[in-house]
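Dear colleague,

I am passing this structure on to you, with some notes below on what was found in it. Please look through it before reading on.

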Amino acid sequence: MSGAEPRPSVLVVDDKENMLKLFARILGDAYAVTTAPDGARALALLSARPFDVVVTDIQMPGADGFTVLREVKRRAPDTEVVLVTAYASIPKAVEAIKEGAYDYLSKPFDPDEVALVVARALERQRQHRDARGLAGRVARMPDFHGLRGTSPALQKTHALLAQLAARDLTVVLTGETGTGKELAARALHRESPRRDRPFVAVNCGALPAELVESELFGHAKGAFTGATGAKAGLFEEAHGGTLFLDEVGDLPLPVQVKLNRALQEKEVRRVGTTTPVTVDVRVVAATHRDLAVEVAQGRFREDLYYRLGGVTVRMPALRERREDIALLAMHFLAAANRPELEGFTPPALHALTAAPWPGNVRQLQNAVARAAAVAAGPRITPEDLPPELDVPGSLAAPGPLPAEALAKQPYRETVDRVRDAVSRDYLTALMQEFSGNVTHAAERAGMERESLHRLLKRYGVRTEDFKRGESP
């Protein structure tokens with residue numbers, strides 16, 4: 001059909017004509033199959049055009065399967081290679097996989113097993129391509145002074161911050177913990193005419209109540225016990241620049257009175273003096289609280305609320321921009337200094353995308369750093385992620401994505417994820433039914449015992465886990 005996506009290409013190499021015909025019959029409906037009767041012919045074909053997967057017998061006269069494997073990996077590292085052996089030689093299989101083979105098939109094999117191995121080899125090839133594509137998207141990801149992402153929600157925030165930066169207005173940044181309010185405050189400063197003057201940040205909630213006033217406004221020598229000398233406050237330190245008051249909703253009410261006066265009069269009085277000090281400061285405040293509710297409940301002064309609330313910018317929660325999660329995860333993985341880790345498995349990316357992230361970007365950053373520290377490689381798996389992630393469904397067999405995230409996934413990835421989950425659930429139920437007896441389970445499943453063993457290994461279902469409850 002014109003315009004249809006081309007079928008994946010598979011090269012089958014075997015010196016036995018009946019094997020070539022068998023593979024062509026098994027794979028021909030789904031893939032564009034080319035056959036080669038020996039290694040030399042295969043190498044000639046490989047030099048002429050690329051293939052997605054090569055299935056080659058190990059034992060052949062002349063150029064054997066290992067020669068084909070090495071030549072494929074030299075010329076086209078992205079091409080996946082599956083080796084076929086009549087001897088079920090585990091040492092040879094291990095050697096082949098170490099040299100870059102995706103998997104091996106041992107004769108006699110089940111046709112379904114052949115189709116599954118080739119399908120999974122193509123899936124890994126696609127995952128590698130997707131990972132490189134994701135890395136490219138990470139490199140192109142918009143970065144507004146540390147606020148990274150391509151989502152419409154964040155791009156809208158970028159545009160608003162850029163617009164407000166040039167106007168010398170008081171700005172209140174709202175949003176949940178970990179959404180990047182301090183990064184936004186620094187962006188406002190760096191994009192403003194005050195960029196070359198100080199940026200001073202203070203977490204109002206972290207200061208002891210008795211020291212808040214002194215920290216903000218300064219104090220005279222002897223103003224209180226321990227005041228051995230005069231000290232300028234943060235307002236004076238930020239003169240000409242920007243003062244960032246994080247968690248401004250945590251300020252004690254008496255300090256709120258003085259803050260309101262400082263904003264109104266553009267001057268401060270150090271504790272222990274009555275002499276005003278003129279300050280030229282742009283104030284950017286941040287809070288995760290709803291200040292209107294705090295005012296209604298008497299915990300925040302109404303006059304300060306209106307003084308601060310000229311312009312409010314709400315920082316979007318991470319769950320409101322799920323399309324940024326994979327990009328941010330790759331960005332944080334690159335910062336973890338584990339170059340041998342090439343990315344995340346699809347189930348791990350699903351787990352990250354589906355998690356609720358109450359701690360937002362900061363929590364994601366910590367989760368990726370933790371996963372990078374424990375991962376054996378080459379990619380981070382769901383088991384490497386922090387167990388406290390509250391992901392719908394299990395990490396190994398993920399449940400359905402929320403509708404907002406589902407629509408952002410490629411069709412093939414979504415179908416593969418569901419298929420893998422069903423396959424794992426089926427194998428688990430099968431092992432439970434037969435107490436880990438693979439022979440009986442294979443009869444029920446309608447496949448060869450060795451084929452079932454390979455499926456169990458592929459999906460991480462351990463027969464010994466089901467034998468413990470078996471009666472002696």
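The protein chain exposes about 23,100 Å² (accessible areas come from the Shrake-Rupley method with a 1.4 Å probe, and for residues only the protein chains shown count as cover), and carbon and sulfur atoms supply 52% of that area. This is a predicted model, in which local features need pLDDT of at least 70 and side-chain atom pairs count only at pLDDT 80 or more, while totals for chains, interfaces and linings use all residues. Residues are numbered from 1 along each chain as its sequence is written, and side-chain values use heavy atoms, with hydrogens and water left out.

Of the 472 residues in the protein chain, 46% are buried (under 20% relative accessible area, with exposed meaning over 50% and partly exposed in between, for a 1.4 Å probe and protein chains only).

The count of salt bridges, each a side-chain nitrogen of Lys or Arg within 4 Å of a carboxyl oxygen of Asp or Glu, comes to 24. One of them joins Glu 17 to Lys 21, with the closest N and O atoms 3.5 Å apart, and both of these residues are exposed.

Another salt bridge pairs Asp 250 with Arg 289 at 2.7 Å, N to O. Asp 250 lies in the loop between strand E12 and helix H10, and Arg 289 in the loop between strand E15 and helix H11 (helices are DSSP runs of H or I, at least four residues, and strands runs of E, at least two, numbered from the N terminus), so the pair ties together parts that are 39 residues apart in sequence. Asp 250 is partly exposed at 28% relative accessible area, as is Arg 289 at 32%.

With best wishes
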